[in-house]
Amino acid sequence: MPPKKIYVIPEGIADAILPRVKREYRIMEKKKDDVLILAVESSCDETAAAVVKNGREVLSNIISSQIALHTVYGGVVPEIASRKHIEKINQVIDEALKEAGMGLKEMDAIAVTYGPGLVGALLVGVSTAKAISFASGIPLIGVHHIEGHINANYIENKELEPPFICLVVSGGHSHLVVVKDYGEYEILGRTRDDAAGEAFDKVARAIGLGYPGGPKIDKVSKEGNADAILFPRAKVVDAVYDFSFSGLKSAVLNYLNSCEMKGITVCQADVAASFQKAVVDVLVEHSMQAVKEYGLKKFAIAGGVASNSSLREAFVRECGARQIDFYCPSPIFCTDNAAMIGTAAYYEYLKGVRHGYDLNAVPNLTLG
Ligand code: KG4
Ligand code: ZN
């Protein structure tokens, strides 16, 4: 096949021809009041870029996942992640603009995750965004990664407005949050040790499922009996909304060791399903208690673990029983992506937030 021709549209081309050319080559028009944000995310093992219009319309969402690269090591290797981000980031940004049918000149801001996350990985996104901003004069907006996850809920739920309660469960974080307003959060509870996703990943490794653990446990659990083994549901004394998952992880390891010592064959699916149920029970119980105490009728979930099918089913059921509106992003907006960063940045943009070129990666950035 001959290579595809690239057409440069001359200025002043007849209006009659332009619409057809635009359709073919996805050259989008920007209306006067539209706010377009190019967003970049590189906090862990996904290099991502997106173009978001007016906060809730995703024009492109490009994600280059490094999962295959890290699988052989059983988890994310920070140094490898940073190097891969450097290789991919320009390509991913180019694709995001192309897919959106836009050029840099149409962008009102460039948004980037500046924390929390792996410092080397974050630096790639932050440096790239700063360089683009400096070279093009487009304002820069730094975004908190967890805020991005929460804001993912606005993308497909156009009617959702704060206040609401959100459970953020990812590989590095477990937070129960009151979203008081755009960009305004009150943290009710957080994990004392392992994050929910971390527990999924560690248990998956222990039962021989490998990395990434969450989706594999989710899948295998469908063949298992969730009531086969009673694993503990930990409570944190004096902090009703805090989580602790390290005891549960130890309980699974102890169970596996004792089976080995007794010569009992472990049923992988039963362990996975029973562990998953223990996590889901705790997340649901804490969340429903918060919803009740704060009297809010809207509840949302976010983060990689929010794509867990059993967790989603449990919340549909429990929220339904309490007449609470339940919101959850599609799985592609639960795991790391740049569209959610563009959405969070939009509300900051409206408030007038702009960052200087001293914006730095903050690996342990806190929320609220
Ligand atoms: O939000 P995310 O993509 O990255 C972080 O910000 O950490 O979350 C990744 C985490 C991993 O621990 C992964 O195992 C978990 O989300 N995860 C899941 C599922 N899909 C991803 N956990 C349970 N069930 C899933 N279906
Ligand atoms: Zn994340």
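Student: Before we start, how are the helices defined here?

Tutor: Happy to begin there! Helices are DSSP runs of H or I with at least four residues, numbered from the N terminus. The model we are looking at is predicted. With that in hand, a label such as α5 stands for the run 145–156.

Student: Which helices each supply at least two residues of the shell around ligand 1?

Tutor: The shell holds 19 residues, and Asp 201 and Gly 214 are among those that come nearest. By type, the shell divides into four nonpolar, twelve polar and three charged residues. The helices that each supply at least two of them are α5 (145–156), α6 (196–206) and α7 (213–221).

Student: Where does ligand 1 lie with respect to the domains?

Tutor: Ligand 1 sits in the largest pocket. Domain 1 (11–151 + 336–350) and domain 2 (162–331) both give residues to its shell, so ligand 1 lies between domain 1 and domain 2.

Student: How much of ligand 1 does the protein bury?

Tutor: Let's look at some contacts on the way. Oxygen atoms of ligand 1 lie 3.3 Å from a polar backbone atom of Gly 172 and 2.7 Å from a polar side-chain atom of Asp 201. Taken alone, ligand 1 exposes 550 Å², and of that the protein buries 88%.

Student: Is the peptide bond from Tyr 211 to Pro 212 cis or trans?

Tutor: Good one to check! Most peptide bonds are trans. Pro 212 is found in the loop between α6 and α7. With omega near -5°, the bond from Tyr 211 to Pro 212 is cis.

Note on methods:
Residues numbered from 1 in each chain as written. Chains lettered and ligands numbered in written order. Predicted model: local features only at pLDDT ≥ 70, side-chain atom pairs only at ≥ 80, totals over all residues. Heavy atoms only, no water. Near = heavy atom within 4 Å. Polar contact = N/O pair within 3.5 Å; in protein donor to acceptor, adjacent residues only side chain to side chain. Areas by Shrake-Rupley, 256 points an atom, 1.4 Å probe, with all protein chains shown as cover. 1 Å grid on protein atoms, 1.4 Å probe; cavity = no way out; pocket = protein on both sides within 12 Å on 5 of 7 lines; lining within 4 Å. Sits in = over half its atoms within 2 Å of the grid points. Nonpolar A, V, L, I, M, F, W, Y, C, P; charged D, E, K, R; others polar. Domains from an automatic or database assignment.
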